[in-house]
Amino acid sequence: MADFSEETGAEGGVLRLYGRLTLPGLGDVAKRLDAVTGKPAIIDLSGLERIDTVGAWIVQQLAERTGAGIEGASEDALRLMSLVRRSEAEVRVRPEPPNPVIRVVTEIGDATAVALTTLKGLVAFFGAILVACWALVLHPGRLRMNAIVHRFELVGVKALGIIGLMSFLIGIVIAQQGAVQLQQFGAEVMTVNLIGRLTTRELGVLMTAIMVAGRSGSSFAAQIGTMKLTEEIDAMRTIGVSPIEALVVPRMLAAVIMMPLLGFYATITSIIGGGLFCWLSLEIPPVTFVQRLQEVIPLTDLWVGVLKAPVFGAIIAMTGCFQGMQVSGNAEEVGLKTTAAVVQAIFIVIVLDAFFAVFFSQIGWI
Amino acid sequence: MDLGDPIAIRVRGVCNRFGEQVIHDGVDLDVRNGEILGVVGGSGTGKSVLMRSIIGLKPPEDGEITIFGESMTSGDPAAQLDLRRRWGVMFQGGALFSTLTVAENVQVPLREFYPQIGRKLLDEIAAYKVVMAGLPPNAGPKYPSELSGGMRKRAGLARALALDPALLFLDEPTAGLDPIAAAAFDELTRNLSKALGLTVFLITHDLDTLFAICDRVAVLADHKVIAVGTIPELLATDHPWIQEYFNGPRGRAAMDAVDRHGAKGA
């Protein structure tokens with residue numbers, strides 16, 4: 001451990017340092033040296049066993065502060081002290097904290113600008129996809145069937161397990177919560193209406209959309225973002241392959257075609273879950289349950305669900321691919337854009353769902 | 001620095017494999033105190049894996065590694081933790097913590113190992129280390145994403161030097177730098193190693209770096225260290241890879257450059 005002693009003499013004091021003036025041996029010497037108020041004329045280093053740049057820095061600072069001369073320094077100490085002297089400069093550790101008022105205003109402004117450019121970008125991207133689709137209609141041979149079928153598997157088939165489980169449980173929860181409330185009016189048989197209509201019109205498709213956004217929307221963004229980083233997309237462009245045709249259209253088609261199927265599947269699984277609860281807990285036998293479903297669900301309810309699904313699929317694929325294309329710079333961007341893709345997809349899906357609800361009730365599909 | 005032992009790192013019979021793929025099969029290597037040892041080898045010969053084994057990120061499957069007389073492979077964890085204070089590592093891309101500024105990055109090891117250091121001294125240490133690594137003073141409060149590749153490497157070096165290590169590991173310090181920045185980095189490495197009395201373990205592909213600053217060079221090939229020595233010593237061996245490496249067109253150009261430079265200097 002390092003330590004020091006002070007002596008007062010005729011020609012001013014001597015401050016003697018000894019021990020190991022290094023990071024591990026520093027202890028509280030730095031603080032105590034800071035507290036030295038006397039004006040030693042000489043700092044004596046001859047007692048030091050070892051010194052490193054931190055020690056050299058401390059000695060250097062002390063000498064500057066007190067104006068003392070340094071004596072007894074070893075070759076090592078002299079070399080290190082000249083190194084730290086050369087490295088002395090005003091360096092801030094953290095950036096200057098900005099004025100809070102200005103910061104709030106800038107952040108609001110930045111967020112607005114980002115929102116507007118994103119919106120503009122999305123519209124432009126949608127346009128680019130339409131152009132690519134038209135080109136594919138004119139030259140159907142360029143359609144990449146293999147890629148599309150592969151996407152069907154990833155977006156649709158592989159999602160069956162998780163979406164089935166989720167919908168089944170949601171069906172049970174709706175039935176259970178509905179039954180508790182409806183029992184107060186002695187109308188637990190209406191639980192069937194609740195399950196049937198709620199899942200076919202809304203929840204089946206909406207929950208599927210949220211799941212697909214989380215599973216496939218994010219993976220679209222991450223895949224395309226990574227390809228952007230590794231310059232694969234630039235390579236594609238240089239050999240004349242349109243990334244929109246090769247990457248975006250297959251994903252878009254897969255999502256548009258798979259969403260109604262998954263939505264319908266989710267609806268049916270929810271109904272099975274709810275039906276199971278009705279059977280076990282409310283003693284409504286499956287046959288009665290199905291009969292009642294037929295009576296209370298109009299066919300339009302099914303259309304309401306199934307017609308929304310492809311639109312949601314398109315939104316999810318589009319935001320995912322769009323955000324992936326926005327990646328630039330470093331790997332951190334991939335994560336940020338993936339998050340943005342999922343958040344935007346779910347947000348737009350829910351906003352559109354509200355529009356659909358109003359629209360369908362206006363045209364009399366109540 | 002254990003003056004009694006002239007060997008800083010002693011690697012004996014180290015074996016590493018990933019699944020079926022054998023990387024090292026009995027690697028022996030000594031790094032002497034105070035030298036700059038360059039490690040070369042073709043792509044995939046396990047230069048980085050050897051470094052990761054030495055610093056304990058990938059314990060070898062077999063063999064013995066001792067650093068300053070302390071075993072990394074069988075010693076007790078407390079002694080190994082103590083060893084960690086005595087080396088600094090600069091990874092290829094700098095590996096800076098992206099949520100911290102450059103100066104805060106330098107402070108991380110200091111805070112971790114010496115929590116008793118006061119805020120003022122901590123800021124001062126970070127400041128002079130940043131400048132010592134050749135960064136401009138205004139780089140201190142910047143975030144890694146705002147830095148160029150060369151500056152990121154220097155910031156990585158500043159962090160590696162934070163604890164005043166006796167041993168410095170550099171993984172391809174000049175890769176991806178333009179020739180001017182690479183030469184400046186070489187000079188910085190040599191000056192710092194001289195001024196701080198550092199032992200440097202340097203992985204590189206850069207022939208200029210080898211000729212300019214390395215005291216000795218170790219060649220990894222055929223899962224082993226096939227030769228260690230100064231460049232003239234290596235040239236005297238007749239291993240085909242070594243001959244091709246140093247006597248290839250690039251090797252010759254680097255050698256000529258040193259000769260010209262040396263002639264001018266003398």
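Student: In this predicted model, at roughly what angle do the axes of helix 5 and helix 9 of chain A cross?
Tutor: Helix 5 of chain A covers residues 145–156 and helix 9 of chain A covers residues 243–281. Their axes come within 9 Å of each other, and the angle at which they cross is roughly 45°.

Student: Is helix 5 of chain A then parallel, oblique or perpendicular to helix 9 of chain A?
Tutor: Angles under 35 degrees count as roughly parallel, and those from 65 to 115 as roughly perpendicular. The crossing at roughly 45° therefore makes helix 5 of chain A, with respect to helix 9 of chain A, oblique.

Student: Is the crossing of helix 5 of chain A with helix 9 of chain A left-handed or right-handed, and how many nonpolar residues does the contact have?
Tutor: Helix 5 of chain A passes helix 9 of chain A in a crossing that is right-handed. Among the residues that meet there are Ile148(A), Phe152(A) and Val155(A) from helix 5 of chain A, and Leu253(A), Met258(A) and Leu261(A) from helix 9 of chain A. By class, the residues of this contact include one polar and two charged, while the number of nonpolar residues is eleven.

Student: How is helix 4 of chain A oriented to helix 9 of chain A, roughly parallel or roughly perpendicular?
Tutor: Helix 4 of chain A, residues 100–138, has an axis that comes within 10 Å of that of helix 9 of chain A, and the two cross at roughly 95°. The contact includes Ala128(A), Ile129(A) and Leu136(A) of helix 4 of chain A, together with Val248(A) and Met252(A) of helix 9 of chain A. Its residues divide into ten nonpolar, no polar and one charged. From the crossing angle it follows that helix 4 and helix 9 of chain A are therefore roughly perpendicular.

Student: Which strands are the edge strands of the sheet of four strands in chain A?
Tutor: This open sheet has the strand order 1-2-3-4, and its pairing is mixed. An edge strand pairs on one side only, and that description fits strand 1 (3–7) and strand 4 (69–71) of chain A.

Student: Which residue of strand 2 of chain A stands opposite Phe4(A)?
Tutor: Strand 1 of chain A pairs with strand 2, residues 13–21, in the antiparallel sense over five bridges. In strand 2 of chain A, the residue that stands opposite Phe4(A) is Leu17(A).

Student: How many residues does chain B give to the contact with chain A?
Tutor: On the side of chain A, helix 1 (29–34), helix 2 (53–66) and helix 3 (75–86) are the elements that give two or more residues. By class, that side has eleven nonpolar, four polar and eight charged residues. Chain A contributes 23 residues to the contact, and chain B contributes 25.

Student: What distance separates the centres of the two domains of chain A?
Tutor: Chain A is divided into domain 1, residues 3–86, and domain 2, residues 111–362. Taken over C-alpha atoms, the centres of these domains are separated by 70 Å.

Student: In chain B, which residue stands opposite Gly41(B)?
Tutor: Six strands of chain B form an open sheet in the order 6-7-8-3-9-10, with mixed pairing. Within this sheet, strand 3 (residues 36–41) and strand 9 (residues 216–221) run parallel and are joined by five bridges. In strand 9 of chain B, the residue opposite Gly41(B) is Leu220(B).

Notes. Residues are numbered from 1 along each chain as its sequence is written. Chains are lettered from A and ligands numbered from 1 in the order in which they are written. This is a predicted model: local features need pLDDT of at least 70, side-chain atom pairs count only at pLDDT 80 or more; totals for chains, interfaces and linings use all residues. Axes are lines fitted to C-alpha atoms, for helices over the stretch in contact, and angles run from 0 to 180 degrees between N-to-C directions. Angles under 35 degrees count as roughly parallel, over 145 as roughly antiparallel, 65 to 115 as roughly perpendicular and the rest as oblique. A crossing is left-handed if the near helix is turned anticlockwise from the far one by less than a right angle, and right-handed if clockwise. Two residues are in contact if their C-beta atoms, placed from the backbone, lie within 7 Å. Ala, Val, Leu, Ile, Met, Phe, Trp, Tyr, Cys and Pro count as nonpolar, Asp, Glu, Lys and Arg as charged, and the others, Gly among them, as polar. Domain bounds come from an automatic or database domain assignment. Two strands pair if DSSP finds at least two bridges between them.
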